[in-house]
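Hi,

Here is the structure I said I would pass on. Have a look at it first, and my notes follow underneath.

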Amino acid sequence: MCQALHSGYERVYCTAEIEEARELGERLGDGVVLGGERDAVRIPGFDLGNSPVEYLEPRAATVILSTTNGTRAVVAAAERCERVLVASLLNLGAVVEAVRAAGDDAIVVCAGVQGTFTLDDAYVAGRIVELLGWERTDAAEAAARLVGSWGGPEEAFRASKSGRNLLGNAPQLEGDLAFCARESVLDVVPALASLRDGAAEISL
């Protein structure tokens, strides 16, 4: 999502289910590409997978995205929260500054893997917590301390369940681990624009 919007896509629609993405694509018609994965593998019939490298050059104005865990988390947050921002290490600094400027309490929602804790998400959450420097819950404190357990983000990503899934199911995407381990290289703050028919629209 972060790379797509930085590259020039105007919006990303997040859906929890594959069929929801397909139906939304049919309703919107031209100017749309379908992107997503299940277990790190591109969904059959979709234009793009979930590798950020595939989103470096816009192919349409709109991406409809459905992933195993991430888009579900975005939709769930959109159903419960007035303001939702999408963070990664790539846009870490920009998101932290946006949260600071808003001045409200912030909840970091981790997508996990099928509802369970994952190391890669916790690492990114810990970096957000560290940079914010605000009062922390125990979970936030644990995430921040976890960061220091690793030599760097790529090491943590490779050790995570998500990283192992990627290497096992789509080894050709191994370069994504180093690509996504870079901090604050994108100056974008993807934010919830609307929630319609179960799809969360994310734009700048």
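C81 comes out as partly exposed, because its relative accessibility is 35%. Keep in mind throughout that this is a predicted model. The closest cysteine sulfur to that of C81 belongs to C110, and at 13 Å it is too far for a bond. C180 gives a similar story: its sulfur has C2 as the closest cysteine partner, but 9.4 Å is again too far for a bond. C180 is also partly exposed, at 27% relative accessibility. Since a disulfide needs the two sulfurs within 2.5 Å, neither the 13 Å from C81 to C110 nor the 9.4 Å from C180 to C2 will do. For the structure as a whole, the disulfide count is 0.

On to the sheet. It is open and has 6 strands, in the order β3-β2-β4-β1-β6-β5, with mixed pairing. The edges are taken by β3 and β5 (191-196); each has a single partner strand, so one side of each has no neighbour in the sheet.

β4 is the strand I would look at closely. How many of its residues are buried? The count is 5 of 5, so β4 is largely enclosed by the rest of the structure. In a regular strand, side chains alternate between the two faces of the sheet. In β4 both faces are covered: T62, I64 and S66 are buried on one side, and V63 and L65 are buried on the other.

Its two neighbours fit into that picture as well. β1 (residues 11-14) runs parallel to β4 and is joined to it by 4 bridges. β2 (residues 32-38) also pairs with β4 in the parallel sense, over 5 bridges. If you want a residue to centre the view on, try V63: it is the bridge partner of V12, and it is the bridge partner of V33 too.

Further out, β2 meets β3 in an antiparallel arrangement with 2 bridges. There, E37 stands opposite R42 in β3.

Following the chain on from β3, you get to G45, in the loop between β3 (41-42) and β4 (62-66). Is G45 buried or exposed? With 73% relative accessibility, G45 counts as exposed. For a sense of scale, G45 and G148 lie 41 Å apart in space, C-alpha to C-alpha, with their positions 103 residues apart in sequence.

Now the aromatics. A search of the whole structure turns up 2 aromatic pairs. One of them is Y123 with F157: the ring centres are 6.2 Å apart and the planes meet at 80°, so this pair is edge-to-face. The pair links distant parts of the chain, with Y123 in helix α5 (residues 119-132) and F157 in helix α7 (residues 153-159), 34 residues apart. Both rings belong to buried residues: Y123 has a relative accessibility of 4%, and F157 has a relative accessible area of 8%.

There is one more ring contact to mention. The charged end of R182 sits over the ring of F179, at 4.2 Å from the ring centre.

If you only have a few minutes, I would start at V63 in β4, where the bridges to V12 and V33 come together, and then go over to Y123 and F157 for the edge-to-face pair.

Cheers

How values were computed:
Residues numbered from 1 in each chain as written. Predicted model: local features only at pLDDT ≥ 70, side-chain atom pairs only at ≥ 80, totals over all residues. Heavy atoms only, no water. Buried < 20%, exposed > 50% of the residue type's maximum accessible area, 1.4 Å probe, protein only. Phe/Tyr/Trp six-rings, centres within 6.5 Å; stacked < 30°, edge-to-face > 60°. Lys NZ or Arg CZ within 6 Å of the ring centre and 35° of its normal. Pairing = 2+ DSSP bridges.
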